[in-house]
Amino acid sequence: MNHAPTPSNRFALTATRIFDGEKVLTGHAVLVEEGIVRSVVPIGSLPGDVQEVYDEPDSTITPGLIDTHTHFMRWEGPLFLACGVTTIRDTGNDLKWILERRSEGAAHPWPRILCMGPLLDGPTATHPVVSRACADLEDAVGAVRETVAAGVDGVKLYVGLETEWLPAMVRE
C-alpha cells in the first residue's frame with residue numbers, strides 16, 4: 001500500500017476490486033475496526049464515523065492467503081495467522097479430531113479450517129496415521145459415505161485405491 005494505515009479505531013480500505021473469498025466486487029470497501037476486518041460493504045454504505053479511507057486504485061484486495069494442503073496441528077494456528085494465512089484446507093487428519101478443531105476455531109487464534117478428514121486409501125494405507133484403509137470396493141464407498149456424513153468440506157481419495165473403485169466412490 002502507498003499509505004500505511006495507523007491503528008485507529010475504524011478505517012476503510014478501497015480498491016478497484018475486492019475479492020471476498022467467493023466473488024470479485026467493485027464499488028466496495030473493507031471496514032477495519034481495532035485491526036480486524038469486520039465487513040465488506042458498498043462504499044456508499046460506510047458508517048458516517050469512518051474518517052480514514054485508504055484508496056488503492058488499480059489493485060485488488062483479497063481476504064488473506066489460503067493454504068490448500070496442510071495437516072493441521074493446534075500449535076500452527078497462530079503461526080498461520082501471523083503469516084497472513086486466514087484459511088487452511090486440512091488434507092488428512094483424524095476425522096473426529098479435525099472436526100472438533102474446526103468447530104472450536106472461532107475461540108482460538110486460528111485460520112478458518114476446511115477439512116477433508118482422513119485420506120481414503122487402499123488396503124495398505126500409505127500414511128497410517130492420517131489414512132483410513134479400505135479393504136474392498138464396498139468398504140471404500142462406505143468410507144466416502146461416512147466421511148461425508150460427518151460433515152467434511154471435501155474427501156481426499158489417495159494413491160493406494162484401486163482404479164476401478166474410483167467411479168463408485170466419486171458418485172457416492
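A salt bridge is a side-chain nitrogen of Lys or Arg within 4 Å of a carboxyl oxygen of Asp or Glu. The exercises below concern a predicted model.

**Exercise 1. Decide whether Arg132 and Asp139 form a salt bridge, and state how accessible each residue is.**

Step 1. The closest N and O atoms of Arg132 and Asp139 are 3.2 Å apart.
Step 2. The cut-off is 4 Å, and the pair is listed as a salt bridge.
Step 3. Arg132 has 24% relative accessibility and so counts as partly exposed.
Step 4. Asp139 also has a relative accessible area of 24%, and this makes Asp139 partly exposed.

**Exercise 2. Describe the salt bridges of Glu100.**

Step 1. One partner of Glu100 is Lys96, with an N to O distance of 2.6 Å.
Step 2. Where do Glu100 and Lys96 sit relative to each other? Both belong to helix α2 (residues 95-103), and because they are four residues apart, about one helical turn separates them.
Step 3. Another partner is Arg101, whose closest N and O atoms with Glu100 are 3.6 Å apart.
Step 4. Sort the three residues by accessibility, where buried means under 20% and exposed means over 50%. Arg101 is buried at 4%, Glu100 is partly exposed at 30%, and Lys96 is exposed at 57%.

**Exercise 3. Give the number of salt bridges in the model and name the members of a network.**

Step 1. The count comes to ten salt bridges.
Step 2. A network of salt bridges links Arg10, Glu33, Arg38 and Asp49.

**Exercise 4. Characterise the largest pocket by volume, lining and residue classes.**

Step 1. The space in the largest pocket is about 490 Å³.
Step 2. Its lining has 19 residues, and the closest to the centre are Val30, Val37, Ile61, Thr62 and Pro63.
Step 3. Which strands each supply at least two residues of this lining? They include β1 (10-19), β3 (28-33), β4 (36-42) and β5 (52-61).
Step 4. Divided by class, the lining of the largest pocket holds twelve nonpolar, five polar and two charged residues.

**Exercise 5. Do the corresponding work for the second largest pocket.**

Step 1. The volume of the second largest pocket is about 180 Å³.
Step 2. The lining consists of Phe19, Asp20, Gly21, Glu22, Pro63, Gly64, Ile66, Thr86, Thr87 and Arg112.
Step 3. How many of these residues are nonpolar, polar and charged? The lining of the second largest pocket has three nonpolar, four polar and three charged residues.
Step 4. Pro63 can be found in this lining, and Pro63 is also one of the residues closest to the centre of the largest pocket.

**Exercise 6. Locate Trp75 and name the surface patch that Trp75 helps to make.**

Step 1. Trp75 is placed in the loop between β6 (65-70) and α1 (77-82).
Step 2. Is Trp75 buried or exposed? With 55% relative accessibility, Trp75 counts as exposed, because the cut-off for exposed is over 50%.
Step 3. Together with Met73 and Leu79, Trp75 makes a nonpolar surface patch of about 340 Å².

**Exercise 7. Say what stands out about the backbone of Asp58, and where the residue lies.**

Step 1. Asp58 is not a glycine, yet its phi is positive, at about 55 degrees.
Step 2. As background, most residues other than glycine have a negative phi.
Step 3. Asp58 is part of strand β5.
Step 4. Its relative accessibility of 71% means that Asp58 counts as exposed.

**Exercise 8. For three pairs of residues, compare separation along the chain with C-alpha distance in space.**

Step 1. His71 is in the loop between β6 and α1 and is partly exposed at 32%. His71 and Met169 are 98 residues apart in sequence, with 23 Å between their C-alpha atoms.
Step 2. Pro42 is in strand β4 and is partly exposed, with a relative accessible area of 39%. How far apart in space are the C-alpha atoms of Pro42 and Arg132? They are separated by 46 Å, with the two positions 90 residues apart along the chain.
Step 3. Val159 is in the loop between β11 (156-157) and α4 (166-171) and is exposed at 65%. Val159 and Ala125 are 34 residues apart along the chain, and their C-alpha atoms are separated by 9.0 Å.

Key:
Residues are numbered from 1 along each chain as its sequence is written. This is a predicted model: local features need pLDDT of at least 70, side-chain atom pairs count only at pLDDT 80 or more; totals for chains, interfaces and linings use all residues. Side-chain values use heavy atoms; hydrogens and water are left out. Patches are made of residues with over 30% relative accessible area and no salt bridge: like charges are joined within 9 Å, nonpolar side chains (Val, Leu, Ile, Met, Phe, Trp, Tyr) within 5 Å. Accessible areas come from the Shrake-Rupley method with a 1.4 Å probe; for residues, only the protein chains shown count as cover. Buried means under 20% relative accessible area, exposed over 50%, partly exposed in between (1.4 Å probe, protein chains only). On a 1 Å grid over the protein atoms alone, a cavity is a set of points where a 1.4 Å probe fits but cannot get out, and a pocket is an open set with protein on both sides within 12 Å along at least five of seven lines; lining residues have an atom within 4 Å of a point. Grid points are joined across faces, edges and corners, and a volume is the space filled by probe spheres set on the points. Ala, Val, Leu, Ile, Met, Phe, Trp, Tyr, Cys and Pro count as nonpolar, Asp, Glu, Lys and Arg as charged, and the others, Gly among them, as polar.
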